Amino acid sequence: MKEGETTPFYEWQDDDLLLSIRAQPKSSREKLGEVIDGRLKVYLTAPPADGKANKALCKFLGRLFKTPPTSIEIVSGKTDRNKRLRIPSPRQLPPIISPKP
């Protein structure tokens, strides 16, 4: 990796998008943040209790990628801020993510 490059926070696996994120619950608003240490920071308004932040995360990403929130899978990190998610066949991509090659 060259100086100034960041570790990729996403990869394509067939038509699915695998995304590494760092959740920031209890924020003032929901939004995408910067990429730090190979993870995209995602700000959420929900608290990290009773799965509320995970539910809010899937709902937010569902809107962002135009994918049903129930189809988004938390592959790892269900009880951690660092998470790995699978988004099946996203119909829309934010500018920070390149289309599948």
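Ser27 sits in the loop that links β2 to β3 (31–36). The model is predicted. Ser27 counts as buried because its relative accessibility is 16%, below the 20% cut-off. Its side chain reaches the backbone oxygen of Gln24 at 3.0 Å. Leaving aside neighbours within four places in sequence, Ser27 is in contact with Tyr43, Leu44 and Thr45.

Another loop residue is Asp15, between β1 (10–13) and β2. Asp15 is partly exposed, since its relative accessible area is 41%. A polar contact of 2.5 Å joins its side chain to that of Lys100. Not counting residues up to four places away in sequence, Asp15 touches Ile87, Pro88, Ser89, Pro90 and Lys100. Tyr43, a contact of Ser27, lies 26 Å from Asp15, C-alpha to C-alpha. In sequence, Asp15 and Tyr43 are 28 residues apart.

Next comes the helix. Asn54 belongs to α1, residues 52–65. Asn54 is buried, because its relative accessible area is 15%, again under 20%. A polar atom of the Asn54 side chain lies 2.8 Å from the backbone oxygen of Lys78. Asn54 touches Ile74, Lys78 and Lys83, with residues up to four places away in sequence not counted. Ile74 falls within β5 (residues 73–76) and Lys83 within β6 (residues 82–87).

The polar side-chain pairs described above compare as follows.

| Side chain | Partner | Distance |
|---|---|---|
| Ser27 | Gln24, backbone oxygen | 3.0 Å |
| Asn54 | Lys78, backbone oxygen | 2.8 Å |
| Asp15 | Lys100, side chain | 2.5 Å |

β5 and β6 pair in the antiparallel sense, over three bridges. Together they form a hairpin with five residues between the strands. Gly77, in the turn, has a positive phi of about 90 degrees. Glu73 stands opposite Arg86 in β6.

Which residues have the most contacts inside the largest nonpolar core? They are Leu19, Ile21, Leu61 and Phe65, in a core of 21 residues. β2 (16–24), β4 (39–43), α1 and β6 each supply at least two residues of this core. The largest share, seven residues, comes from α1. In soluble globular proteins, nonpolar side chains tend to be buried together. Leu61 touches Leu19, Lys66, Ile72 and Leu85, not counting residues up to four places away in sequence. Leu19 is thus named twice, as a contact of Leu61 and among the residues with the most contacts in the core.

Now the whole chain. The protein chain has one helix and six strands. Along the sequence, the order is β-β-β-β-α-β-β. The radius of gyration is 13 Å, close to the 13 Å that the globule rule gives for 101 residues, so the chain is as compact as a globular protein of that length. The C-alpha trace spans about 40 × 30 × 20 Å along its principal axes.

How much of the chain counts as buried? The share is 36% of the 101 residues; Ser27 and Asn54 are among the buried ones. The accessible surface comes to about 6300 Å². Carbon and sulfur atoms hold 48% of that surface. Of the contacts with a separation of 6 or more, 47% are between residues 24 or more positions apart.

How values were computed. Residues numbered from 1 in each chain as written. Predicted model: local features only at pLDDT ≥ 70, side-chain atom pairs only at ≥ 80, totals over all residues. Heavy atoms only, no water. Helix = DSSP H or I, 4+ residues; strand = E, 2+ residues; numbered from the N terminus. Buried < 20%, exposed > 50% of the residue type's maximum accessible area, 1.4 Å probe, protein only. Polar contact = N/O pair within 3.5 Å; in protein donor to acceptor, adjacent residues only side chain to side chain. Contact = heavy atoms within 4.5 Å. Pairing = 2+ DSSP bridges. Core = buried A, V, L, I, M, F, W, Y, C linked by side-chain atoms within 4.5 Å. Rg over C-alpha atoms; globule rule 2.2 N^0.38 Å. Areas by Shrake-Rupley, 256 points an atom, 1.4 Å probe, with all protein chains shown as cover.
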